[in-house]
Amino acid sequence: MIHKFTMNGVHIAMDINGGSVHVLDEITYDMLDFYEEIRDGKLTLQEAMEKLSKYPQEELASAYDEIRTLEEELLYTEDPYEAMDFMKNRKPVVKALCLNIAHDCNLMCKYCFAKQGDFGGKKCLMSLETGKKALEYLVKNSGSRRNLEVDFFGGEPLMNFQVVKDLVQYGRELEKEYHKNFRFTITTNGVLLNDEAIDFINTHMDNAVLSLDGRKQINDDMRLTLTGKGSYDVIVPKYQKLIEKRGNKSYYIRGTFTRDSLDFSEDVKHFKELGFVHTSMEPVVSSEENPYAIREEDLPKILEEYEKLAIYYADLKEKKDPFSFFHFMVDLTQGPCVIKRISGCGAGTEYLCITPEGDLYPCHQFVGNEAYKMGNLYGEELTLPKEMQSMFKEAHIYRKEDCKTCFSKFYCSGGCHANALSFNGDILKPYGIGCEMQRKRLECAIMVEAKRMLSEEEEAPEEKVLFL
């Protein structure tokens, strides 16, 4: 199974199952359209040459021979994973928690899936006792895994800053007792950032996710303070100060684009103008009844915008600019482990979300959906429901019909379960609009990497296998 596309003057063919990516000359690229028919006896080489008569026959014959050589190891490889038993017999352990440290927020973002932080319930903050129980649950259910992830989430976690600080300290104590290593992340809207919070985050958080939607007008149309004013002028200087003091530690400026900001490449460029190096821009996911929701008719503009951004980004990479855009960063040399590529985020099995009341859900996007509540930390004996856990464990790409023939399947791993449920009522039926965007982002990411690597060659060969 292969996928081929042309972007920014580069002809690319992907071997989906094997993982190799090839930059081809135009003749070889066009010959690929007929190769399988020739190989399977449905078309002769001469007939294919007649269809490609704009090229010299000797060059077409050479292109065919080249593809045939590549097929031996690097093209049309069989899927090595589907028949393996390891997916059925694996026993995943919990390795990551999203702690909803605050079901409250000091912004009123119009598109907020968490309904301004309370997830449709009462506003409340997580107690230190509940947070400690959550960390204890993680270490005791993580098996032999040493590195554990904890994301302080909300709502706005800095509204419960003292508990965040106390839980980091408690986590360090648990590390010694259980021989674990916590990697802490905080996701914040920035309003409450001050010198103390900045220093704490930069000292103790392995990653910081900082919410900002881009240009002032775009951000302030969606991300409003409780007084109804825009948040841009409040948070941008605080983010700049945090990042200036952060050094080489990880962070992301995380934006959201909506139907009202489909020219989102300009917002990503604005991040760079502000001095932000590590960036992300996510599409809003919302019901079409909301005026800002992305609709299928918006896809042509969105895909065009991704390609426009990719060409700009590829130029930066060729110049060795450190600026990064999350969705255009792809590891084509090694990538995640096989299980991760097949099963995705691990929601409901390896990854759980815990609310201030101690309720457990498969992930933060399921919070408030009682049908997917998996237990409570204060129960006499907390055992995750096996049927639900099994359902999420088995929700991998080989059980999703839409994924089986998709060239992006080993990179998106089947997409978001919560989005699938929200739009299709079935975690095995991916969110189609999201799939279209994912496929385009992958093509863009591969083009960017191809241009970067080719630029490192003094003379780019006519054909080169870039990645295995």
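How many of the six residues of strand β10 are buried? Five of them are, and the strand (residues 252-257) is mostly covered. The legends below describe close-up views of a predicted model.

**View 1. Strand β10 and its two partners.** Strand β9 (residues 207-211) pairs with β10 in the parallel sense. Three bridges hold that register. One residue match is L210 with I253, its bridge partner in β10. β10 also runs parallel to β11, and here five bridges join the two strands. R254 stands opposite S280 of β11. The cover over β10 is nearly complete in the count: five of six residues are buried.

**View 2. The ten-stranded open sheet.** Strands pair through backbone hydrogen bonds, in either the parallel or the antiparallel sense. In this sheet the pairing is mixed. The strand order reads β12-β11-β10-β9-β8-β7-β4-β13-β14-β15. The edges are β12 (324-325) and β15 (375-376), and each of these pairs on one side only. Towards the β15 end of the order, β13 (residues 351-354) and β14 (residues 359-361) run antiparallel. Two bridges join them. C353 stands opposite Y361 in β14.

**View 3. Cysteines without a disulfide.** How many disulfides does the structure hold? The count comes to zero. C98 has its closest cysteine sulfur in C353, at 4.0 Å. A disulfide needs the two sulfur atoms within 2.5 Å, so the C98 to C353 distance is too far for a bond. C98 is buried, with a relative accessible area of 1%. For C345 the closest cysteine sulfur belongs to C363, 6.4 Å away. That distance is also too far for a bond. C345 is partly exposed, at 49% relative accessible area.

**View 4. A cis peptide bond after β7.** The bond from G154 to G155 is cis, with omega near 10 degrees. G155 lies in the loop between β7 (147-153) and α6 (161-178). Most peptide bonds are trans.

**View 5. Two positive phi values outside glycine.** Most residues other than glycine have a negative phi. N8 has a phi near 55 degrees, a positive value. N8 sits in the loop between β1 (2-7) and β2 (10-15). How accessible is N8? N8 is partly exposed, with a relative accessible area of 27%. Y76 is another non-glycine residue with a positive phi, about 60 degrees. The loop that holds Y76 runs between α3 (57-71) and α4 (86-89). Is Y76 buried or exposed? Y76 counts as buried, at 9% relative accessibility.

**View 6. Charges over tyrosine rings.** R39 lies over the face of Y76, 5.1 Å from the ring centre. At a second site, the charged end of K4 sits over the ring of Y29. The distance from K4 to the centre of that ring is 3.6 Å.

**View 7. F366 and its aromatic partners.** The whole structure contains 17 aromatic pairs. F366 and Y372 form a tilted pair, with centres 5.0 Å apart and 45 degrees between the planes. Both F366 and Y372 are buried. F366 also pairs with F392, in an edge-to-face arrangement. The centres of F366 and F392 are 5.6 Å apart, with the planes at 90 degrees. This pair links distant parts of the chain, 26 residues apart. F366 is in the loop between β14 and β15, and F392 is in helix α13 (residues 386-393). F392 is buried, like F366.

**View 8. A cluster of rings.** Which residues do ring pairs link into a cluster? They are F257, F264, Y306, Y313, F323, F325 and F328. F257 belongs to strand β10 (residues 252-257), and F325 to edge strand β12 (324-325).

**View 9. S286 in its loop.** S286 lies in the loop between β11 (278-283) and α11 (299-318). S286 is buried, with a relative accessible area of 10%. Its side chain makes a polar contact with the side chain of N290, at 2.5 Å. Leaving out residues up to four places away in sequence, S286 touches Y292, A293 and F423.

Technical notes
Residues numbered from 1 in each chain as written. Predicted model: local features only at pLDDT ≥ 70, side-chain atom pairs only at ≥ 80, totals over all residues. Heavy atoms only, no water. Pairing = 2+ DSSP bridges. Helix = DSSP H or I, 4+ residues; strand = E, 2+ residues; numbered from the N terminus. Buried < 20%, exposed > 50% of the residue type's maximum accessible area, 1.4 Å probe, protein only. Phe/Tyr/Trp six-rings, centres within 6.5 Å; stacked < 30°, edge-to-face > 60°. Lys NZ or Arg CZ within 6 Å of the ring centre and 35° of its normal. Polar contact = N/O pair within 3.5 Å; in protein donor to acceptor, adjacent residues only side chain to side chain. Contact = heavy atoms within 4.5 Å.
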